[in-house]
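Open the model in your viewer and keep the selection tool at hand. The stops below say what to select next and what is there.

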Amino acid sequence: MSRSVGILGLGKYLPPRIVTNADIVAMGIDTSDEWIVDRTGIRERRIVDESMATSDMAVIAAQRAMERAQVEAKEIDLVIVATTSPDYLGFPSTACLVQDRLGLRNVGAFDLSAACSGFVYAMTTGAQFVETGHCKKVLVIGADCLSKWVDWTDRSSCILFGDGAGAAILGEVQPGRGIITSTLNSDGSEASILMIKDGGTRSMFSKTTLDTQANHIYMEGRSVFKVAVNTVVTALVDSLNKAGLTPQDIDLLVPHQANARIIEYVSGKLGLPPTKVFSNIEKYGNTSAASIPIALDEAVSEGRLVPGQIVATIGFGAGFTWATSILRWGV
Ligand code: ACO
């Protein structure tokens with residue numbers, strides 16, 4: 001019989017520095033608090049100091065998750081870090097840096113690149129190792145430091161992102177608890193609507209990169225919005241069907257925190273009242289791969305997610321990628 005796999009503990013890290021919409025206006029960006037709140041729901045975000053990188057946030061979130069799960073370093077078999085803002089381009093992976101800093105020995109460690117869908121992709125991947133018996137405890141982290149990738153002269157994208165990390169320890173749980181079903185999706189034909197154009201092997205970093213800012217995030221906001229809303233509702237309904245569930249069975253929806261209007265659209269389509277939808281976007285903006293584990297952590301701390309409940313997560317982001325995972329909460 002296959003094992004049930006669930007989340008044994010969660011942890012998060014948000015940098016202490018708060019950057020409000022007013023602070024962005026004060027930086028000389030042609031925008032306003034009113035416009036940002038109205039179009040995105042974001043009031044402030046957390047931004048790292050210059051010296052901090054993605055692995056620093058990931059390590060703290062992981063330590064907190066290990067503490068909550070009461071799991072020691074020696075029990076962890078595998079580390080997966082979902083990130084698209086690694087400490088180093090190419091290699092070494094951020095996961096290896098995290099593995100070393102946590103003192104984990106004889107474990108596999110790799111990064112997973114699926115942008116804002118990264119955590120759901122990584123959780124689904126990590127769960128396979130536990131289900132097959134290959135691993136007992138898997139550390140899955142979603143961590144991003146997109147403030148360092150943002151073009152701070154582009155008002156349509158710089159207002160959206162914040163930094164943070166969220167971590168989960170995956171392990172075996174009692175039958176009937178944990179991940180019920182997951183789906184991973186992609187459509188590379190939409191790659192160009194959200195990308196970092198320079199710095200990879202397609203278009204290497206050059207002198208002109210500095211003038212064009214092409215090593216920063218390029219985003220066609222409206223297209224991203226459309227693809228997101230057109231894909232995630234169908235994906236979640238398909239996923240629910242697969243599990244013999246309907247949207248009415250969802251106790252809490254934890255969507256990727258990209259834009260309050262996307263969250264409202266999706267929950268409206270699913271017929272879910274605001275009490276069944278978790279959102280913290282006004283405090284943190286879009287923390288990319290970190291947004292879902294941070295939201296799960298807060299939902300548990302606030303008592304909005306308790307054992308026995310059905311929680312549905314949906315990630316979507318660059319690639320284009322989207323992914324869902326439905327869990328019956330608890331161990
Ligand atoms: N302040 C004031 N005006 C602005 C701002 C701003 N910060 N940004 C854009 N505008 C202006 C535009 O210039 C435009 O002006 P114009 O009509 O004179 O040309 C006007 O506002 C409308 O622009 P739109 O782009 O149509 O605005 P929209 O309502 O679509 O909101 C937004 C833009 C917030 C970016 C929205 O499209 C969005 O959230 N898209 C999804 C983005 C997203 O989620 N990205 C992350 C995905 S996850 C990942 O993997 C990284």
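Select Pro 92 in this predicted model: Pro 92 sits in the loop that runs between β4 (78-82) and α4 (94-101). Add Phe 91 to the selection, and the bond between Phe 91 and Pro 92 shows as a cis peptide, with omega at about 0°.

Follow α4 into the loop that leads to β5 (108-112) and pick Asn 106 there. What is phi of Asn 106? The value is near 55°, which is positive although the residue is not glycine. Most residues other than glycine have a negative phi, and most peptide bonds are trans.

Next, go to the loop between β12 (310-317) and β13 (321-328) and select Phe 320. Gly 319 and Phe 320 are joined by a cis peptide bond, here with omega at about -5°.

Now move to the helices. Select residues 221-242, helix α8, together with residues 260-270, helix α9. Two packed helices are described by the angle between their axes and the distance between the axes. For α8 and α9 the angle is about 35°, and the axes are 10 Å apart. The crossing of α8 past α9 is right-handed. To display the contact, show the side chains of Phe 225, Ala 228, Val 229, Val 232, Val 233, Leu 236 and Val 237 on α8, and of Arg 261, Ile 262, Tyr 265, Val 266, Lys 269 and Leu 270 on α9. By type, 11 of these contact residues are nonpolar, two are charged and none is polar.

Finish at the ligand. Which residues come nearest among the 26 around the ligand? They are Thr 31, Arg 39, Cys 116, Arg 222 and Asn 259. Put distance labels on three side chains:

- Arg 222: an N or O atom of the side chain is 2.5 Å from a ligand oxygen.
- Asn 259: an N or O atom of the side chain is 2.6 Å from an oxygen atom of the ligand.
- Arg 155: a polar side-chain atom lies 2.9 Å from an oxygen atom of the ligand.

Finally, switch on the ligand surface: on its own the ligand has 1000 Å² of accessible area, and the protein covers 76% of it.

How values were computed: Residues are numbered from 1 along each chain as its sequence is written. This is a predicted model: local features need pLDDT of at least 70, side-chain atom pairs count only at pLDDT 80 or more; totals for chains, interfaces and linings use all residues. Side-chain values use heavy atoms; hydrogens and water are left out. Axes are lines fitted to C-alpha atoms, for helices over the stretch in contact, and angles run from 0 to 180 degrees between N-to-C directions. Helices (H or I, at least four residues) and strands (E, at least two) are DSSP runs, numbered from the N terminus. A crossing is left-handed if the near helix is turned anticlockwise from the far one by less than a right angle, and right-handed if clockwise. Contact means heavy atoms within 4.5 Å. Ala, Val, Leu, Ile, Met, Phe, Trp, Tyr, Cys and Pro count as nonpolar, Asp, Glu, Lys and Arg as charged, and the others, Gly among them, as polar. A residue is near a molecule or strand if one of its heavy atoms lies within 4 Å of it. A polar contact is a pair of N or O atoms within 3.5 Å; within protein, one must be able to donate a hydrogen and the other to accept it, and residues adjacent in sequence count only if both atoms are side-chain atoms. Accessible areas come from the Shrake-Rupley method with a 1.4 Å probe; for residues, only the protein chains shown count as cover.
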